[in-house]
Amino acid sequence: MKLTRLVWPVALVLLFVLNTQVYAEGNNGPDKSAEEVVEEKYHSVLNDWNKEEMDSKPFEAAVPSSEFTNVKKDQLRTASESKEYGDRVLYWANQEAASFEVEVPEDGLYELAFDYYPLGDGVIPIEGAIKVNGEFPFYESRRIVFPMNWENQKKKFEKDRFGNEMVPKQKAINEWMTAKAEDASHLQAEPLKYHLEKGKNTISLENVRGEMLIGKAVIATPEKLHAYKEYVKKTEGDLVKDQLLEYEAEHPWKKNSSYIRPVATQDSSVSPYDAKLLVLNTYGGESWQTSGQRTDWKVKVKEDGYYRLTFKALQNKSTGAPVFRTLSIDGSIPFKEAAHFSIPFSKDWKNVTLQDEEGDPYMFYLTKGEHVIGLEADGSPVERVLYKMNEVSKEIEELSLSIKKLTGNQQDQSRGWKISEYIPDIEDRLVGWSDSLEKEAEYMRTLSDREKDSSEIVSLMLAVDKLRNLAKSPNEVPSRLNELSEGSNSVAQLMGNLTLDIQKQPLLLDSFYIYGDEELPKAENAWYKKFYAGMKRFALSFTSDTFTTSEAKDDKTIEVWVNRPRQYVELIQNMADQSFTPETGIKVKFSLMPDEQKLILANAADKQPDVALGISNWLPYELAMRGAAADLKQFDGFNAYSKQFSPGAFLPMMVEDGVYALPETQDFFVLYSRKDILNALDVPVPDTWDDTLEILPELQRYGMNFYTPMAGAVGFKPFQTTAPFIYQFQGDLYEEDGMKTAIDSENSLEAIQFMTDLNTVYSMPLQVPNFYNHFRYGTLPIGISNFETYVQLTSAAPEIAGWWDISPYPGVKQEDGTVDRWATGSGQSAMIFDRSKQKDEAWELLQWWLSTDTQTEFASSLQTLYGPEYMWNTANIEAFKTLPWPEEHKQAILKQWEYLREVPKTPGAYMVERELSNAWNRIVFDGENTRSAVDDSVIAIDREMERKMEEFGYMKDGKVVKPYPIPSIDEVKKWSGE
C-alpha cells in the first residue's frame, strides 16, 4: 500500500502532462470510447449491411441438435427423454456452448430460430449469446432471451377475507416452443438478421443463464409481410353477419410474462363491475408496458368468413404519447398493417378498431373453430429515437469528460476559457446534436394524430433549445456544464429521463370484440349512469361492511403496521390468512403505514400497534432508548432463531444486553463490473484496494473511472460510505466504553487518509449523481454500489444484461494474507412494541414471517406477480439462498455478507457520522491536513457524546456512572451459539 502511494502521485502528474499535450495537438477525447471498446450496435451494423446488394432467394435449413458439435456426452438426451419432442435433444445450461454448421447458397442476411423446451421455474429468464464464425457480429447478439409462457394457477379469481378478488398466482407452462433470435429489449421491428457468407458458416449458441432443451436450429431468409390488399386477395369469403363475440381481456389463455396482471378498475363503464367490492375486471395497464410482452386469448367462431376486431381500451399514458401493439392470429402476423399499429392517447375508454387510414376496418379471415388472438407490446416505432438519443448522450459524455480534463474540472463562472482552441469542432458538435434531435422530434410528431405535442416531444425540444443556446457561446461551455451534462435539468438528464419514458407502452384492456356487420356497444357509459354508480359507491362507503381493506380490530387480533407499498401489504395479509392464522388460530390485521415517523407519535399517544414491519434499522434503537420497544431476547427460542441472520446486522438494534428488532431485509455493497468492457481492455476485476489502484491508469486512459459510494453522496457522507474504510483498516468509531470516539486512532487516521486520497491523489470521481446510468453507458464500467443498483440493472438495463457481474467489496490485505472487506448493509427491520398486550402472539408472528419458508414464498410470489423490479432482499440467509436470482450473484453476495458489519448506535452516533463527513470535506475540498481535520472533529464529537450520555444517565457531572457497552459481532455470535 505504501509503495503504491509513492508511485501514484508521480504517475498522475505525468499522465496529466501527457493528456494536456495530446489535447493541445487537437485530440478531443480519450483513446477509445466505451462504445468502441465492444461491438457495434445492431442498428448501425444493419444499416451498413442493407447498403449491400442482397437479393437472396428463399432458403431454409434445419439442423437437428444431434448434429451440434462442441457438446459433452451428458448434454445429449435420447428421444424417450426429449419431453415428447420425438427426436434426440440437447440439454443446454451451465454457461456451456453448442455449435453447428450451415451451408448457405449466397452471401446475405438470414434469421435464426430454435425449437426449445424451457426448464426451471421461469423467474430467471433463459439467456444465450450467438456467435457467427467465432465472433459476435453486433452487440445485441450477446444477449438472446428465450421466453417462457405462463398461465393462471386457477381459472377463477379467488377472493380475500373482504370479498375482493385477488391477483391469481402464476404457473409456468412447460412446453416445446419455437422462437427466432430477437433483440432482448424487443425494440427492433423484426427478428435479428445475421450476415452469412456463401458456403459453410459456424454458429455457436452460448449459455448465459437458465436451462432448456434444444430440438433443432433453423436458418432461413427473412420472410416479408404482405400488405393488407394482398392478404384479402388470398382467401375468398364475405364479412360474416349477425356475429358479435365479446371476450373479457382479464382472462387470457397464456402470456410470455408472468407479471402482466388483471386490474381492479372502479369504473362503471367496464364489466364486470361492483360498487361495493374490488373486482378484477381489466387487464394490463402499467404491468403491460414493456416491449415484447405478449398475451394470447383463445377464441371460437361458428363459421368461416371475414371478421372485424376491436379492443375496448384505455390508453392514458402519462406523457400523452401514442402506444403501439402488434397483432398475431394463430401465432403469425396476418399482414403488414397489423404490425406496430398505433393506439392514440385518450382519457376515456375507447373502442379501438384495427382500420386503415381512411377509417375502414380491416377484415381477418377465420375458419370455423378455435383460434388464438395475440397482442404484443411494441416499442419498435420509437427505436430510432432511442438510438439517436443514446448516441448523442454518449457523445455529450465524451465531450464533457474532455472538457473536465482540460480545465481540471473547474467551473469557475468568472474564469474564461477558449475551449474552441483545444476542441475546434465543439460548436459543430452542439449544432449537429440539436439538428439530429430536432429531426427525431419531427418524426415523433408523425406517430401521433394529436395536435398537442406529448411531453416526450416537449422534453426533446427543450434539449434542442439548450444545445442551440450553448452553441451560440461555445467558450462558455466549461462553466455551463450543468446545462450540458450535469444537474437535474441538463441535456443529458432530460434525455436520460426521456429514454425511460419513451419506451414504455402501457395499455389497459377491458374486453375485445370479434364481429361482422354488427354495431358495437359504446365504450363509455352515459353520464347519468356514471353519476348513479358514483352515488351508490359513496353511500356504501358509510356502511360498516365496506369494499375497503379495513376491518375492526378486536382484542384478540394482532395489529401490524407495515412501512411498504400496498401490494406488499396485501400479499402478506393473504399469506397470513392462508397459512399463519389457520395453523395458530391467531388473527392478524396488516395496515399500510405511509410514514414510519408516525410510530414515535403513536407511541407517545399510546396508539401504537403490536408489531411494526419494514422500518429503518435505526428506529427500534430510538424507541428502545425511550422504553417503547420490547427486548426480543426475553422470548423462548430467540437465541436459536437469530442464527438465520448475519451477526453484523444486529449491531444497530442492540442496547446494552437487549436486542430490540430482527433484520427483515438486508442491503449489500458489492463490486459491479462490466465484463464486456473490462475483458476488451484486459483489465482484471480487483480483489483489494491495491488491485483497484493498479487498474486505474488503464481505465482513465480510455476516459473511464472507478466509482465509490462516496461519489454518490453529495454533501453529507453517511456511515455507509465512510465506515467500511475505518473497519477495513482495523480502526473503530468508538472507544471501548462508548464514551468517546476513536476516529483519531492510528488505524482510523490511516483509513481516513486513504479514502480522501482516492479523490485527491488517484482522481476517482468526486460526484456521480447516478451510477446506474454511467455504468450502462460504460463511462464508469466498475464501481461499488448496493441492492438498488442491482434491481435497476436487472430490470431496466436489458441492453447489457448478461454482460455485467458482481463480486465482493474490495478490501485491505492483512499480514496473514486474508482480505478484510468489512462493509455496512443497512436494511429494514421488524419489532414488537413493549406496550403490546399480546407479545407472545406477536413473537410467534415474527417467527412465522421471517422464517425460511415464508420468506422464500413471499420473494417468489412478489417477483412472479409484479415483475423483476420487485426483488426481495430477505435478511434470512437460508431463504436468500433459494431466491430466483442467478446463482453466481447469490454466492458473491453471501461471501460479502460474511463481512457485514453495521455501525452500532450510541446516543451520540449522529455526531460521529456528521463530523466524519465534515472532516472528509475539509480534507478534500479545503486541502486541510488529515490529522488537524480529524482532531477538530474529535473535539466536537466528544463534547456532544458527553452531553447525550448525561441525558440518558450514563454520565453525571462529566463522570461515568455506568458504562455503555458497544455491541460487537463476537458478542452476537456468543449468544446465538455460533
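## Worked exercises: strands, a helix and confidence

Strands β20 (residues 323-329) and β24 pair in the antiparallel sense over five bridges, where pairing asks for at least two DSSP bridges between two strands. Strands (E, at least two residues) and helices (H or I, at least four) are DSSP runs, numbered from the N terminus. The model is predicted, so local features need pLDDT of at least 70 and side-chain atom pairs count only at pLDDT 80 or more, while totals for chains, interfaces and linings use all residues. Residues are numbered from 1 along each chain as its sequence is written, and side-chain values use heavy atoms, with hydrogens and water left out.

**Exercise 1.** Describe the pairing of β24 and how far this strand is covered.

*Solution.*
- Start with β20: Arg325 has Ala377 of β24 as its bridge partner.
- Now turn to β18 (residues 294-301), which pairs with β24 in the antiparallel sense over eight bridges. Here Val301 is matched with Gly369 of β24.
- Finally, look at burial, meaning under 20% relative accessible area (exposed is over 50%, partly exposed in between; 1.4 Å probe, protein chains only). Of the nine residues of β24 (residues 369-377), seven are buried, leaving the strand mostly covered.

**Exercise 2.** Work out the strand order of the open four-stranded sheet that contains β4, and find its edges.

*Solution.*
- Following the antiparallel pairing gives the order β4-β12-β6-β7.
- The edges are β4 (97-104) and β7 (144-146); each has a single partner strand, so one side of each is left without a neighbour in the sheet.
- On average, neighbouring strands in this sheet are turned by 30° against each other, direction ignored; the axes behind such angles are lines fitted to C-alpha atoms, for helices over the stretch in contact, and angles run from 0 to 180 degrees between N-to-C directions.
- At the β4 edge, eight bridges join β4 to the antiparallel β12 (residues 199-209), and one pair of bridge partners is Phe100 with Ile203 of β12.

**Exercise 3.** Which residues of α29 are buried, and what do they pack against?

*Solution.*
- Within α29 (residues 969-976), the buried residues are Ile969, Val972, Trp975 and Ser976.
- These lie on the same side of α29 because they cover an arc of only 135° around the axis, taken from the directions from the helix axis to the C-beta atoms.
- As a reminder, an α-helix has 3.6 residues a turn, so residues three or four places apart point the same way.
- Asp970 and Lys974 are exposed, on the face turned away from the buried side of α29.
- The buried residues pack against α15 (638-641), β29 (654-655) and β30 (658-659), a contact being heavy atoms within 4.5 Å.

**Exercise 4.** Is Ser785 buried or exposed, and what does it touch?

*Solution.*
- Ser785 sits in strand β34 (residues 782-785) and is buried, because its relative accessibility is 7%.
- Its side chain makes a polar contact of 2.6 Å with that of Thr789 (a pair of N or O atoms within 3.5 Å; within protein, one must be able to donate a hydrogen and the other to accept it, and residues adjacent in sequence count only if both atoms are side-chain atoms).
- Leaving aside residues up to four places away in sequence, Ser785 touches Phe668, Phe669, Val670, Tyr672 and Phe771.

**Exercise 5.** Where does pLDDT, the predictor's confidence in each residue from 0 to 100, stay under 50?

*Solution.*
- Begin with the chain: its mean pLDDT is 90, and 93% of its residues reach 70 or more.
- One stretch with pLDDT under 50 is residues 1-29, for which the model has 44 contacts beyond four places in sequence.
- Residues 544-552 are also below 50.
- Where pLDDT is low, the predicted coordinates should not be read in detail.
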